[in-house]
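Please walk through the side-chain contacts of this protein, from its charged pairs to its aromatic rings, and explain where the partners lie and how far each is exposed.

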Amino acid sequence: MSVDDLPPSPASAVTPLGSSVIPIVNKLQDIFAQLGSQSTIALPQVAVVGSQSSGKSSVLEALVGRDFLPRGNDICTRRPLRLQLVQTKPRSDGGSDEEWGEFLHHDPVKRIYDFSEIRREIEAETNRVSGENKGVSDIPIGLKIFSPNVLDISLVDLPGITKVPVGDQPTDIEARIRTMILTYIKESSCLILAVTPANTDLANSDALQIAGNADPDGHRTIGVITKLDIMDRGTDARNHLLGKTIPLRLGYVGVVNRSQEDILMNRSIKDALIAEEKFFLSRPAYSGLTDRLGVPQLAKKLNQVLVQHIKALLPNLKSRINNALFATAKEYESYGDITESRGGQGALLLSFITKYCEAYSSTLEGKSKEMSTSELSGGARILYIFQSVFVKSLEEVDPCEDLTADDIRTAIQNATGPRSALFVPDVPFEVLVRRQISRLLDPSLQCARFIFDELVKISHQCMMTELQRFPVLQKRMDEVIGNFLREGLEPSQAMIRDLIEMEMDYINTSHPNFIGGTKAVELAMQLVKSSRIPHPVARPRDTVEPEKTTSFASQIKTRSFLGRQANGIVTDQGVPTAADAERSAPAGNSSWSGFSSIFRGSDGQAAAENSLLNTPFSEAAQDVSQNLSTIYLKEPPTILRSSETHSEQEAVEIQITKLLLKSYYDIVRKNVEDLVPKTIMHFLVNYTKRELHNVFIEKLYRENLIEELLKEPDELAIKRKRTQETLRILQQANRTLDELPLEAESVERGYRIGSESKHEELPCTRRSRTETNGNGRLHM
């Protein structure tokens, strides 16, 4: 049966497939096309891939029913072409239906009824971006074609895969084109129309090979075998169409293209479709494959598969658009509104200052809404510095760790001056304790510096996101609070110095917690005895009988100082009498005979001295000059140190001094541990928290500064404008999705994506013939 024998079918009998969802997706594509390369939403579409001269352009023109694509021997598609086919309603009066195209890059959009002009515009727009010497670009061209003779389909015609570069094409043109194609077809939302000529081995198909890389399971790929009429005689593509060679879940469709001779002879596409129909009817090999043959069946299959694909992706698409809308709205909100009036700017500045001060105070008090749960922050870090850094460090210090026994003994001896003291002087204790108290100054000042650094960090953390749009204000606020914190640090450090100096200026030995001299002596005696220090042989003047040691301790009458021996005797008053010395002197030891022995000479020297005293001076002088040579004294060394050996009495003195030092140092340390944090909190932390708002008002809230502080950089204005436009587009896309009818929310019965069946029928009426209405208009 020929095509002429087919009964006429009115246009109303043709049911528009996908009229519920494809136009919505087309609108979304138009909407997101405004974003250009910034769009991150992948919409459902069909990408047409194939090698150069595989017949892609002929297939697309057959789907449209009009000539509108550039043609030539070399590469023709050099930029992706986003093609939207929109089915319009036929005229009810039987007149000629209008068909036109619209380019999305035209502003305002205009209708082009001459399809030759559409071709010229594609060529001109391609040359504008890609150059006129075969260059390739990945910037797409948007074209919409309105016709009652098409089905709603969204397609992307991609450049053909080429092997050899020509013109201005780079040497790696094949790799670049493949990369461009993969950027489209790798998205799960994209269906792949893989076009392969029938006179090429299907196993070597570039289109199927690159489609397999993006869709290895073949769930999204529809195979198109073109040029079936030029296969070698005796061969056919039946096995290919049945999927026996390379199976695809969505199957294959075979078509017959217009030849180059048909194009040169201006043979219409309508005539070409009729010839295609006759070709399949005349080939017995293709009997029973009517649902897999011809451009009309390809259009129906694309339409139906795309509809089901869109419906399957709708939930995820809505979710992605909503997420993008939320993120963009939040970004736009961070840029804030533009306020041009002076009163509005003043209110905005005051709002920023107030919010910042509230955030600063809340962070210090632990009431911040953005409180961290992973680490200490704000006021908790300040408490940690006080307790775990400052106090703990002071408690770990031994006040006598840098004082040796020789240091203490030297200090005691230096304090006696040129005389031998009868008591342990109080000067060494005061000198040494002041020295140890002074060591508390540096860690106290360092603690204040640590708190200052923490407050600076908090001030940076409190900078709101809104301030990013006003870099001048942000910088000035940072300067103001930095200077203000430094102003608070200075009195804190001054007060800390005063505290240490007060402790050093008055050594309060009457403090109830001070150990006192009597108890220090008892403890020192016990320590010396328990240490079992070997006692070197003392000099005669330092000799003390063992039984007198205990009596010495019992004779101490002062609270904190120990009486020193004088010729071995310590009286209640601390000064022995001559009679006492006589009684106390050991037998045979003339050095204890009285104060005349203070030079402590030897027995021989004493006899010589007595002889000289009983002899007249002249005789004595003559005798000395005759019998004695001149005595030369040794020069004293430049640096004098005390003897390396010390008596038991000196050991007791050293231990007493250490005990007194430790006792008083602990009192001062506790005072410092308590007063230094209080000082820092009063002069630095709490003061800045109370006065920060007033300082900001004084320094920044001035009429002559408001305009300068609230000046936005040009880059931010551009970002706000771009974000605002993106927000508008996403809101428009969201409203567009709300236009979907309820039945579009569920996948209809019919052709299923990924169907295993090779012969599954489309839900639409199966026809291998073209339909014409009463006016001879072709419908697919």
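R449, with a relative accessibility of 41%, counts as partly exposed, because that value falls between the 20% limit for buried residues and the 50% limit for exposed ones. The model in which this value was computed is a predicted one. The partner of R449 is D453, with which R449 forms a salt bridge whose closest N and O atoms are 4.0 Å apart. D453, at 32% relative accessibility, likewise counts as partly exposed. Both residues belong to helix 14 (residues 441-461), and because they are four residues apart there, about one helical turn separates D453 from R449.

Salt bridges that share partners also join E61, D67 and R258 into one network. Side chains of opposite charge can pair when their charged atoms come close. Within the network, E61 forms a salt bridge with R258, and the closest N and O atoms of this pair are 3.2 Å apart. E61 is part of helix 2 (residues 56-64), whereas R258 sits in the loop between strand 8 (252-254) and helix 7 (260-264), so the pair ties together parts that lie 197 residues apart in sequence. As for accessibility, E61 and R258 are both buried.

Another charged pair lies within helix 4 (residues 173-185), where E174 and R178 are four residues apart and therefore separated by about one helical turn. Their side chains meet in a salt bridge, with an N to O distance of 3.3 Å. The two partners fall on opposite sides of the 20% limit for buried residues: E174 counts as partly exposed because its relative accessibility is 23%, while R178, at 18%, counts as buried. In the whole structure, the search for such contacts finds 20 salt bridges.

The aromatic side chains come next, and a search of the whole structure finds eight aromatic pairs among them. A pair of aromatic rings is described by the distance of the centres and the angle of the planes. F279 and Y286 form one such pair, which is tilted, with 6.4 Å from centre to centre and 45 degrees between the planes. Both F279 and Y286 are buried. Y286 also pairs with F280, and here the arrangement is edge-to-face, with 5.8 Å from centre to centre and 90 degrees between the planes. F280 counts as buried because its relative accessibility is 9%, and Y286 is buried with a relative accessible area of 4%.

Elsewhere, ring pairs link W100, Y113 and F146 into a cluster. W100 takes part in a further contact, with a charged side chain: the charged end of R111 sits over the ring of W100, 3.9 Å from the centre of that ring.

The last contact to consider is a polar one. N149 is found in the loop between strand 4 (141-147) and strand 5 (153-157). This residue has a relative accessible area of 9% and is therefore buried. The side chain of N149 is joined to that of E99 by a polar contact of 3.3 Å.

Terms used: Residues numbered from 1 in each chain as written. Predicted model: local features only at pLDDT ≥ 70, side-chain atom pairs only at ≥ 80, totals over all residues. Heavy atoms only, no water. Helix = DSSP H or I, 4+ residues; strand = E, 2+ residues; numbered from the N terminus. Buried < 20%, exposed > 50% of the residue type's maximum accessible area, 1.4 Å probe, protein only. Phe/Tyr/Trp six-rings, centres within 6.5 Å; stacked < 30°, edge-to-face > 60°. Lys NZ or Arg CZ within 6 Å of the ring centre and 35° of its normal. Polar contact = N/O pair within 3.5 Å; in protein donor to acceptor, adjacent residues only side chain to side chain.
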